[in-house]
Each structure stands twice: as C-alpha cells, then as structure tokens.
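Reader: I should like to examine how the descriptive terms applied to this model are justified. Please begin with the criterion for burial.

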Amino acid sequence: MADAPAIVIECLSPVLDAGRYAVKRALGDAVMAGADIFREGHDRLAAELLTLAPGDEAWRSVPLTYSFEDDRWSTTFTADRIGMWRFTVEAWVDRFATWRGELEKKAAAELDVSSELIEGAELVHEAARHARGAERHALDRAAATLAGGDAPERRIAAALNAGLVELMAVNAPRHGLTRADGEYRIRVDPVRAACAAWYEFFPRSTAPGPGRAGTFADASRALGRVAAMGFDVIYLPPIHPIGTTHRKGPNNSLVAGADDPGSPWAIGNEHGGHDAVNPELGTLQDFRDFVEAAGRLGLDVALDYALQCSPDHPWVTEHPEWFFVRPDGTIKYAENPPKKYEDIYPINFWCDEREALWSACRDVLLFWVQQGVRTFRVDNPHTKPFAFWEWIIADVQERHPEVIFLSEAFTRPKRMKNLAKLGFTQSYTYFTWRNTAAELEEYVTELAGTDVADYFRGNFFINTPDILHDYLQTGGIAAFRIRLLLAGTLMPLYGIYSGYELGENAPARHGSEEYLDSEKYQVRFRDWDAVGNLAADIARLNTIRRENRALQRSDNIAFHPSGNPAVLFYSKAEWGNDLLIAVSTDPATPQDAELELPFAQLGIDEGVPLRVESLLSGEIEDWDGPARRVTFNPAETVGNIWRIHRGQATETA
C-alpha cells in the first residue's frame, strides 16, 4: 500500500481553480494565506507558508498561526515584488510542543513529572545535534538541566522557558514533515494595475485649433490638461498607419473623401503595420517624446493592441496564410451581419503557420515595450483564442513583469472572467449598462465581495468611442456627474473617453450607442473651456481618490439601506480612513433618502455624535442618531462623499 501523508493539508488559499490560474494582487498588498491542517490524535502540529518571490532561488518561510476551532492555519505576508510568486505549505508534528503541553498540565495538577523531564531532555538533546555554535551549547545546557539533579521546580521552569521554545522551533527535527500537493501562484502587479484613473484621447484630435489634424507634438502639449484633471493613465487608440482600401468616411460611411483620415483600427498601409506609426502623427521619435512628456507629468501611456489588419497591411502580402482565404483566393473581411467591415481583415490564429504568427504578434508588444509603453488596452480579445492570450501574456510578463493588459471584452460573463483568469490584468465591465441602485449593488458585490475579486479587476470605463449609453444621451449633465461619482468611488479603476467632460451626448441615430460624428472616423476639435464643463469635478474626484486610501481598494465596500431605491448608499473603510458615500441614480428628479448609518460595521459607538466632512464641499457636520436625511437635486448635487472624523464631535457651548 502507498504511504499516506502523515498530515492532511488541504483548502489552501488564495487559490484559483485548484491552482490552474494565478490569483492577482498588487505591489505592497498584505496577502492573507492559509490552509486546513490536521492529523489524527492529539499531537501538536507546526506549519509554515513557503513563498518563492520573483527572481529568488531560495524559498522564504513564514510561520502559520493555528485556529483551534476549525483547524485553519493562516498568516499574512507582503507582496513586495512585481511578478509571479509561488507558494505552498509545509506542516510537521511538533514533538516538543506536544511534550511541553502535557508537562504544563501535569505540573499544574502537582503530579510527578520526573519521567516527563527526562523525556524532554532527550528531545532537546536531539535538537542540539542539529544546531551549531552558541545555539548548540545553549540546547546542551538546557538538556542537562532537564535531566540533572536540580529541584523539580527549576527543571520545570527551564522546560517552559520562552528562550528554549524559540531554540527548539528553529533546531528541532520536523517529524512527519508533509508538504502540500502542488505549488500555487500569485501574480503581483504594479499599483496602477489595481488603482488608476484612465483618460482616452485621439492624438489626431489634439490640434490647438480647427483646420488640421493633431500630431504627437500637439498631443504632448495636451497632456497638461489631462494631468491637471488628475488622471494616471493616458490611453491612445491605434497610432499605426491607416489603410486606404475601403477606408471608412464620416459616421462610418462606406465612401471616404480624399482628406478623410479613416478608422485607426484599420491598421496598416505602405508605411508599415503594427510596429509603425502613422506618419500623419509624426515619427517614432515623436512618439517616444510623447511617452517621456507623459512620464514627466506622472502619466503612464496605454497603447491600443488591435490584432487585425487593413487590406493594405504588409502582412497581407508577406503572409497571406495568416488570414482567412476563401476558395476563390480572396481574403475574408470582418463581418457582424448585417454590418460589414471591408476595411478590416481578421487574423486566422489557428492557421498552419500559427507559430510564426503568434511570435510576430508577441514581437509587436515587445517592440512597443522598447519604446516605453508598459500598458496595453487589448481590442476584442474574446474573438481570439484563449490559448493565444495565455501564452503571449505570460511570455511578455516573464520578460517585463511590470506590463499591464486591459481586456476590452464586452462579451458574456464566463468568457470575460476566463480572460481575466488566464492573465489579463484588468477588464472592462458591464458598468455602462448598470444604472439603477439595485443593479449597481448587485454587480459591485459580485466583483468585490466574492472570489471574483481574486482574479478580475474591473475597470469602470463610463464611456468609450463605441459606447454612449442611453442614460447619458437622455439624462443631461446630471447623468454625467452621477456616473462619474459612481465610477470613481465604487471601484479603484475607472476611465472616461475625451468629450465626457463636455457632456457630449449626441447619438448617431435613435436607439444607437454610437456617437454622432464619431471620432473613430474623423478629426474632432473641442472647446475644452466651454461653459458647464466637468473638468473641475473630475479633478476634485481624482484628488479625493488619491488622498483617501479607502478608495484605492475594491474589497472594502459595504452597502447600506438608504430608504429610497433611487439612492445608492455605501461605505468604504481602510485603516481609519472611513468614508460614507451616497449617490442618486436619478438625473431628472430630486430624491430624498434616509441613510441608515453603519455604526456597528465601522466599530463606532452609536451614542456618540458622528462628525463628518463632505469631501466635495468641505462642510463639516455632526450627525446624531441612527440615520441621516439627505436630499439630492440634479440641478445642484447628485451625491456626496463624507469622511468620518473618529473621536471628534462639535463642542457644545
């Protein structure tokens, strides 16, 4: 018969799908880890967590703490290095702790323990044989004391000495040493992988005035405005040469004029493909200058990674086998009936020459990493093989652990979540289509309050060049303020597409989520100083996010009754940084709410007045009683963020 393990080690955490995928954490996170550990009988056990940090050859060990009630052992460690971590658990019988526990009981009952002391001396002698130097001498002396002729009280005191316990923990043999089956992975990403505000703009629309398209130099000058609003990431749609064959005109028309720039997602022409820049924007050096300018302002540059080609892409002539070739020899263009995209050829990732194709796609990413890009927004990854993404992300991150991948997969939940499991750092979400308080509470609870949080980082982009929701089309500027406040406080990751701050809400047609005069097909010029713009609101929100740790995590949110189904009320707390947030989801009608204050959840005495500061207005108030009545008027305020000042209340006269 096969030998059974001496100790049962199971239910390790954090583990995703039995270790098939890595869980995600951010740099500096305190990682809670543990396992169920037990064996037959009454022997005491000891256990430790073993971690192998990226770049290390030796495992680090952290003792696990035992919970008697459920045989759960746990500890925390700091994720202090970016990259892929591995961990496992070991446990063993702690003979000295078992003996010591029995000795304590018998000594307390005033029983004869002379035999037990001799037994203990043997255990200490055994440990001394494994020790060196001063520790060995100390253990030999302790063993002699236990076995010697001193009074029993002195021998018992020596046995229970804390210093001896420490020496034995380090040097005693680990009897029945058992290691958990398998090693498990934790992917530790940069902080901005878990907390960042994104802003998307088209470089060609950054010219200082109408009449010409913008360049990388213009885009560099526009970065100051983005940085002033407090964003962390500037995201660019594809910057590559744009095809001319079947080029789309304004509003996705099938015929383009001589001066129409076309869609940036129709990648490739005679000037190059995915590793080239559109000469109308400038040179590769101009792009590098843009990246450096962004870095000086504290902005990371995210680049669109769209694996598709225009009919003019160099790959089409150099590697036609990488595409879908019809029986008549023509290459199949993209379709989503009744829509046709004649300006785009999809790639056949399962072609016979897929090894060369996949390597070429990987080399595109490595090329842009060399130009200073560390973040990629990936276009429609759910239409490409899962195996491809798992391979390419792991390959790139093994070389460059700091690289971030955002999945733009507006698809069914299981597909979206699987992409996150297999490696995508962040994911677009269904936030755009969750507009009632009940919908938002349910969705955020799923993302932040279940095991989904171990692998899926939702980025609450409010709008995109493809998505202008009816809520924004019909709700006026109040709708824009509502969605901004919700996105920036419900999740630590959120983003907007340029024009949001101006309240742009004209659809291409009734019932469409496409923008009228979509920037995907034409150059836009905007007056960023237009009356009523939201730049100040955005800057204030991003400042609040930076100054309050509670808004930099997703797993610390709790929802509370508001007495009004149109008002969402929630709290976020982090080491004394306690926030209460209430937002009306109605952009048209004033709403009253009776907020039930979560004293118990926050560990605050309900009988003491609660001092709160509005982070939006700066007003400080003292709230008495278990509830607080508030009114939100879309014309004035759509919500509020209050910071609790613990232990403070207004002094009475």
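Author: A residue is termed buried when its relative accessible area is under 20%, and exposed when that area is over 50%, with partly exposed in between. The model to which this is applied is predicted.

Reader: Why is aspartate 36 called buried?

Author: Its relative accessibility is 17%, and the limit for burial is under 20%; aspartate 36 therefore counts as buried.

Reader: What makes the pairing of aspartate 36 and arginine 72 a salt bridge?

Author: The criterion is a side-chain nitrogen of Lys or Arg within 4 Å of a carboxyl oxygen of Asp or Glu. For aspartate 36 and arginine 72 the N to O distance is 3.0 Å, so the pair satisfies the criterion. Aspartate 36 belongs to strand E3 and arginine 72 to strand E7, so the bridge ties together parts 36 residues apart in sequence.

Reader: How do you know that glutamate 594 and arginine 629 form a salt bridge?

Author: Their side chains meet at 3.3 Å, N to O, and the limit is 4 Å. Glutamate 594 lies in strand E26 and arginine 629 in strand E29, so this pair links parts that are 35 residues apart in sequence.

Reader: Why is glutamate 594 classed as partly exposed, and why is arginine 629 classed as exposed?

Author: Glutamate 594 has a relative accessible area of 35%, which falls between the limits of 20% and 50%. Arginine 629, at 54%, counts as exposed, because exposure requires a value over 50%.

Reader: How many salt bridges are found in the whole structure?

Author: The search finds 42. Bridges with shared partners join Asp56, Arg60, Asp80 and Arg81 into one network.

Conventions
Residues are numbered from 1 along each chain as its sequence is written. This is a predicted model: local features need pLDDT of at least 70, side-chain atom pairs count only at pLDDT 80 or more; totals for chains, interfaces and linings use all residues. Side-chain values use heavy atoms; hydrogens and water are left out. Helices (H or I, at least four residues) and strands (E, at least two) are DSSP runs, numbered from the N terminus. Buried means under 20% relative accessible area, exposed over 50%, partly exposed in between (1.4 Å probe, protein chains only).
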